[in-house]
Amino acid sequence: MVNQLKGIRNALSKKIKTHGSISFRDFMEMCLYEENFGYYSQEQIKIGKNGDFVTAPHTSKLFGYLLSVQIKEFFDILEKDSSLNICEFGAGTGVLAKDIMEFFMNFYPDIYKRLQYTVVEPISKRRQILGEKFIDFKDHFKVIEDFKDTKGFKGVVVANELFDAFPVHLVEKVDQDFFEIFVGLNESGDLKEERVEVSGSDRELREYIDRYLKKLPDNYRTEVNLDMKKWIRNFSSDFKRGFCLIIDYGYPRDDYYADFRNRGTLLGYTRQRVTEDFFRYPGLIDMTAHVNFSDAAGWFQDAGFRCEGFCPQWAFLGGLDIEQTIEKAFGSLEPFSPVLAGVKSLIFPQGMGESHKVLVVSKDVEPKPKLKGFKMKNDLARLK
Ligand SMILES: C[S@@+](CC[C@H](N)C(=O)[O-])C[C@H]1O[C@@H](n2cnc3c(N)ncnc32)[C@H](O)[C@@H]1O
């Protein structure tokens, strides 16, 4: 850990000394993904009860089982394609992949026989780890570096907590002017924050600010996730037909840029605690910003997708044959058991039920389907 901290500090200083101050987006990208020292480039990524933060698949296998119920419906709708493909982005330690494959293996063996599960993992160390972990599933599982390698994907794409891990631009409105936060070095060589006026040369960021942020109150700091836009644009050219199931914490635009949220949503996580001190242990803490689901939906539409639905996680999971699926996952649930506690945190508003949202988009799927996951609630109109 000491070497990692030294390594990332040296890499950051070198970059800043060579290029001058770097944008917060570039700083965050290095902290998370720098080839040798980035948070997600390590052999162990610290997700789970004993790690830095917990995600839904690490909370209960019911999450993967319930998503599988929705995926089964997607497969039924896509029936004219003979291949049954699932492609997951940001698979992390692979828990969700395991639970989804286990669900089909145990309850739909005919589907499982034809199922191909692909994980897209840009980090080579992690590709190797996942490949070894899933050796027993090898006829049904592969890890690839780039979505392009699917050569025109048809099927179902799953991404749980992917977009929140993208590096974001940090912007601040002060005295009616917009500034971008940059990271430089002080006289002692330590990282320090700088404010740089947003210029016309950064066209995409300027356009975004002009379109959506002009009305923000003064002394307001927030994030803009332009990497999500780029990702959706690239992704769409290799996605031919099917559904994408996106789960993450976040809000529609009006909530995201609500007046009271004047410190934005960016946070660091370490050992299940939050921190806003991003300079103390760069590379050793997770850094994450909530997802602006209006942006995501709009950018998917611009790229030729149709939005099928958007709702909180509790409503989505609650619509997916939850009682029968609990029985499939656990038989019965003992009162006060850790298993029941896991199920509750997926659904309850104090857990991930309300903070996490589900967005489903489709391409080349006709007629427009009515999906089980949105039978309790569909808030798509809120993303306008
Ligand atoms: C917050 S973790 C979520 C892990 C997992 N989905 C879970 O729920 O436990 C985000 C993951 O997304 C990965 N990631 C980030 N950008 C990616 C990209 N462009 N393609 C694929 N994975 C990416 C990170 O390396 C990291 O493993």
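At roughly what angle do the axes of α4 and helix α13 cross? Let's keep that in mind and start with helix α4, bearing in mind that this is a predicted model. Helix α4 covers residues 61–77, and helix α13 covers residues 322–330. Their axes come within 10 Å and cross at roughly 130°. An angle over 145 degrees would count as roughly antiparallel, and 65 to 115 as roughly perpendicular. The angle here fits neither description, so α4 and α13 are oblique to each other. There is also a handedness to look for: α4 passes α13 in a right-handed crossing.

If you're wondering about the two quantities in that description, here's the general idea. Two packed helices are described by the angle between their axes and the distance between the axes.

Now zoom in on one residue of this helix. L66 sits in helix α4, and it has 31 other C-beta atoms within 10 Å. A residue needs 20 or more to count as buried, so L66 is buried. Try finding I326 next. L66 and I326 are 260 residues apart in sequence, yet their C-alpha atoms are 8.6 Å apart in space.

Helix α4 has another partner to look at, helix α5, which spans residues 95–107. The axes of α4 and α5 come within 8 Å, and they cross at roughly 55°. That angle makes the two helices oblique to each other as well. Once again the crossing is worth turning around on your screen: α4 passes α5 in a right-handed crossing.

Let's move along to another pair of helices. Helix α9 is made of residues 226–238, and its axis comes within 9 Å of the axis of α11, crossing at roughly 30°. Angles under 35 degrees count as roughly parallel, so α9 is roughly parallel to α11. The crossing of α9 and α11 is right-handed.

Helix α11 runs over residues 293–302, and A296 is part of it. Is A296 buried or exposed? Count its neighbours: there are 25 C-beta atoms inside 10 Å, so A296 counts as buried. A296 also gives you another long jump along the chain to trace. From A296 to P252 is 44 residues in sequence, but 9.5 Å in space, going from C-alpha to C-alpha.

Time for some strands. Which order do the 3 strands of the open sheet follow? Going across, you meet β12, then β11, then β13, and the pairing is antiparallel. The edge strands are β12 (273–275) and β13 (286–288), each of which pairs on one side only. From one strand to the next, the twist averages 35°. Strand β11 takes up residues 267–270 and is joined to β13 by 3 bridges. To see one such pairing, look for L267, whose bridge partner in β13 is T288.

Another strand to visit is β15, residues 306–312. Of its 7 residues, 5 are buried, so β15 is largely enclosed by the rest of the structure. Its antiparallel neighbour is strand β16 (residues 356–363), and 6 bridges join the two. You can pick out C307 here, which stands opposite V361 in β16.

Follow the chain into the segment after β16 and you come to P367. The peptide bond from E366 to P367 is cis, with omega near -10°. What's usual for backbones? Most residues other than glycine have a negative phi, and most peptide bonds are trans.

Two residues have a phi worth checking against that pattern. Q176 has a phi near 70°, which is positive even though the residue isn't glycine. You'll find Q176 in the loop between β6 (169–174) and β7 (177–185). With 7 other C-beta atoms within 10 Å, Q176 is exposed. D321 has a positive phi too, near 45°, and is likewise a residue other than glycine. Its loop lies between α12 (313–318) and α13. D321 has 17 C-beta neighbours inside 10 Å, so it counts as partly exposed.

Finally, have a look at the ligand. There are 17 residues around it, and the ones that come nearest are Y40, T55, G90, G92 and A165. What kinds of residue form the shell around the ligand? They divide into 11 nonpolar, 5 polar and 1 charged.

Conventions:
Residues are numbered from 1 along each chain as its sequence is written. This is a predicted model: local features need pLDDT of at least 70, side-chain atom pairs count only at pLDDT 80 or more; totals for chains, interfaces and linings use all residues. A residue is near a molecule or strand if its C-beta atom, placed from the backbone, lies within 6 Å of it. Ala, Val, Leu, Ile, Met, Phe, Trp, Tyr, Cys and Pro count as nonpolar, Asp, Glu, Lys and Arg as charged, and the others, Gly among them, as polar. A residue is buried if 20 or more other C-beta atoms lie within 10 Å of its own, exposed if 12 or fewer, and partly exposed in between; C-beta atoms are placed from the backbone. Helices (H or I, at least four residues) and strands (E, at least two) are DSSP runs, numbered from the N terminus. Two strands pair if DSSP finds at least two bridges between them. Axes are lines fitted to C-alpha atoms, for helices over the stretch in contact, and angles run from 0 to 180 degrees between N-to-C directions. A crossing is left-handed if the near helix is turned anticlockwise from the far one by less than a right angle, and right-handed if clockwise.
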